[in-house]
Protein chains: 2
Amino acid sequence: MNKIITISREFGSGGRELGRKLANHLDIPYYDQEILAQIAQKTQLAEDYVQKVMDTEAFFHFPITVGRSFNPVRNVVLEQNNSIFIEQHNIITDMAKRSDCVIVGRCSDYILREYNPLRIFVYAAPEHKMERCRRRDEKEAALTDKELKKNISNINQDRARYYKFYTGQEWGNKNNYDICINTSNLSIDHIVKAFSGLIS
Amino acid sequence: MNKIITISREFGSGGRELGRKLANHLDIPYYDQEILAQIAQKTQLAEDYVQKVMDTEAFFHFPITVGRSFNPVRNVVLEQNNSIFIEQHNIITDMAKRSDCVIVGRCSDYILREYNPLRIFVYAAPEHKMERCRRRDEKEAALTDKELKKNISNINQDRARYYKFYTGQEWGNKNNYDICINTSNLSIDHIVKAFSGLIS
């Protein structure tokens, strides 16, 4: 069975950087935005729409009546959103079958649970996440502390809700992961070096 | 400043084995039962009593009246228990000042917070902890699943209460640690190799 590494991460914690560098270090594929593009292609939905559903919308469109519904519009949206999750499931499973790889986000730890992935959760202290956001994005750098903190918190709440909605599990609960790593006091390069020792 | 590694661990997760092997691998001192022995020596209390206070009793003896109390017996016990914590604090701080080291348990992550230790929390799935307990202890091997599960849970609850009582923090909450490692699917030897890369 291929060696799969899944990375779940708090927004602003450096999880994406960790995933990319780990994949580079191990010389294996890294999947992140590719998943989104492939879902858009397969569902014939716009990439922006897919991103929005995956980020925030899934749970808002769930119909109040399950089964027979008197609201056909709502059902169309539900079917679209479900098709996104089904494609996400298929695409991620195909990636895991193809070769060793690193997959970031998108419930991949749960979707691939039968592949025994190394499940990593990346997190950091609030001030560390704020500092990292400001370093990488001019728009975020212009926000006040309060605004930026709120932005980060909202994105992480959306991730938690999406994960809960599709997996029934609690996002960030350490029992759902093999390693939880706090990037507040450790350099990503050091972590990559250490983790690659766990895999090889 | 010396490099200090503190290990907090769920009972049955292999945290002590991880600590000992990590110290061996890095060729630095490992402190665990030594702390207990030194506290007993400095407080002139029996080692068994010190162990009991550290495991379970601290919070039961806290007086209801704070400050002037009409119950001198209770105050003696409180003073004894406080002296245990004060000695624990002094001994652990001395160890951190002396050289690089690995310290297991005893709120060392909190006591040494100004020394920027690498704070590791070791945990595992319930069935994994049961299996490990049975492997290492004949008495535990003879218990039913229900009894053993209850034993493990009680010990972990005591550790959480002791930690909360003296630090005000939540034991096992990932935000209080740099790495949380789940030993259910990873070998201790692999983890040691990886973590030593984080330190050196």
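**A tour of the contact between chain A and chain B**

Start by showing both chains: together they bury about 1,900 Å² between them, and carbon and sulfur atoms give 54% of that area. Keep in mind as you look around that this is a predicted model.

Next, select the residues that touch across the boundary. You should pick up 22 residues from chain A and 22 residues from chain B. Within chain A, highlight A:Lys174, A:Asp178 and A:Leu198. These residues lose the most area to chain B, together 29% of what the chain A side buries.

Now colour chain A by its elements. Strand E4 (118-123), strand E5 (179-182) and helix H9 (188-199) of chain A each give two or more residues to the side that touches chain B. Which element provides the largest share of that side? Select H9(A), and you have it: this helix supplies six residues.

Try colouring the chain A side by residue kind as well. You will find 11 nonpolar residues, seven polar ones and four charged ones.

Then zoom in on the two E5 strands. E5(A) pairs with strand E5 (residues 179-182) of chain B, running in the antiparallel sense over three bridges. Click on A:Cys180 here, and look across to E5(B) for its bridge partner, B:Cys180.

For the last stop, turn to the links between the chains. How many salt bridges are there between chain A and chain B? The count is zero. Polar contacts do turn up, though: 13 residue pairs are in polar contact between chain A and chain B, with both residues at pLDDT 80 or more.

Definitions and conventions. Residues numbered from 1 in each chain as written. Chains lettered and ligands numbered in written order. Predicted model: local features only at pLDDT ≥ 70, side-chain atom pairs only at ≥ 80, totals over all residues. Heavy atoms only, no water. Contact = heavy atoms within 4.5 Å. Buried area = accessible area lost by both parts, 1.4 Å probe. Salt bridge = Lys/Arg side-chain N within 4 Å of Asp/Glu carboxyl O. Polar contact = N/O pair within 3.5 Å; in protein donor to acceptor, adjacent residues only side chain to side chain. Helix = DSSP H or I, 4+ residues; strand = E, 2+ residues; numbered from the N terminus. Nonpolar A, V, L, I, M, F, W, Y, C, P; charged D, E, K, R; others polar. Pairing = 2+ DSSP bridges.
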